[in-house]
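Got the viewer open? Let's take a walk through this one, stop by stop, with something to select at each.

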Amino acid sequence: MAIDIAEYDASWPEQGAQASAELIDAVPGLFLNVEHVGSTSVPGLAAKPVIDLMASVTRLDDVTADREAVLERLGYRPQETGMTERLFYYRNTDVGWRSHHLHVVTADTWGTRNERLFRDHLRMHPEVAAEYGELKRRVAAEEENGLAYTKRKTELIQRAVDHERAARGLPLVPVWEE
């Protein structure tokens, strides 16, 4: 299956804000923070048209079965990814296309999450965002496998995240979670 990279859609920030508000309202008191992350959160950046959200909770165990049932009523389905210290959910459109990702992490890791750091770096460095957009288009044209597509972007992502981590006095860590 081809990887769809869409030109920037000015509605993506509003879609991210609406999805964030919907989550906060649906499960009062669960999420401490919800932010739009990923390429759709970076102005002007071409992206897979999927709204990536990251939410923090005090403890992952706070996402109890009854709270997860509320997420499922909103269309979010759990998916095991193998990533540690994270819960992952996806939401599809009515025709089965992926529309949202929700990464749930703990509040004590919120400030050091690479996805947030990468988003911030791209927003502050439009030249890196442009380089990333070109890389995404090129790799999407060459790859049909989503995992291969993601791995081929790792070098640029690592470089940007390392820059942000160093600027904030954070230790350098691999961006690829296995």
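Start with the whole chain in cartoon view and trace it from the N terminus: the pattern reads α-β-β-α-β-β-β-α-α-α-α. Altogether that is 6 helices and 5 strands. Keep in mind that this is a predicted model.

**Stop 1: the whole chain**

Stay zoomed out for a moment. Along the principal axes, the C-alpha atoms fill a box of roughly 45 × 40 × 30 Å. The radius of gyration is 16 Å, and a compact globule with 178 residues would come in near 16 Å, so the two agree. If you colour by accessibility, buried residues make up 42% of the 178. Contacts also reach across the sequence: of those with a separation of 6 or more, 62% join residues 24 or more positions apart.

**Stop 2: helix 4 against helix 6**

Now select residues 126-142 for helix 4 and residues 154-167 for helix 6. Which way do they run relative to each other? Their packing angle is about 165°, with the axes 10 Å apart. An angle over 145 degrees counts as roughly antiparallel, so that is the label for helix 4 and helix 6. The crossing of these two helices is left-handed.

Show side chains here. Helix 4 brings V128, E131, Y132 and L135, while helix 6 brings L156, I157 and R159. By class, this contact has 5 nonpolar residues, 2 charged ones and no polar ones.

**Stop 3: helix 3 against helix 6**

Keep helix 6 selected and add residues 114-124, which are helix 3. At what angle do the axes of helix 3 and helix 6 cross? They cross at roughly 90° and come within 9 Å. That makes helix 3 roughly perpendicular to helix 6.

For the side chains, pick N114, L117, F118, H121 and M124 in helix 3. They meet L156, I157, A160, V161, H163, E164 and R165 in helix 6. The residues of this contact divide into 7 nonpolar, 3 polar and 2 charged. Look again at L156 and I157: they turn up in the contact with helix 4 and in the one with helix 3.

**Stop 4: Q18**

Finally, jump back towards the N terminus and select residues 12-26, helix 1, where Q18 lies. Is Q18 buried, partly exposed or exposed? Its relative accessibility is 48%, so Q18 counts as partly exposed. To finish, draw a distance from Q18 to A130: C-alpha to C-alpha they are 26 Å apart in space, and 112 residues apart in sequence.

Methods:
Residues numbered from 1 in each chain as written. Predicted model: local features only at pLDDT ≥ 70, side-chain atom pairs only at ≥ 80, totals over all residues. Heavy atoms only, no water. Axes fitted to C-alpha atoms, helices over the stretch in contact; angles between N-to-C directions. Helix = DSSP H or I, 4+ residues; strand = E, 2+ residues; numbered from the N terminus. Parallel < 35°, antiparallel > 145°, perpendicular 65-115°, else oblique. Left-handed = near helix turned anticlockwise from the far one by under 90°. Contact = heavy atoms within 4.5 Å. Nonpolar A, V, L, I, M, F, W, Y, C, P; charged D, E, K, R; others polar. Buried < 20%, exposed > 50% of the residue type's maximum accessible area, 1.4 Å probe, protein only. Rg over C-alpha atoms; globule rule 2.2 N^0.38 Å.
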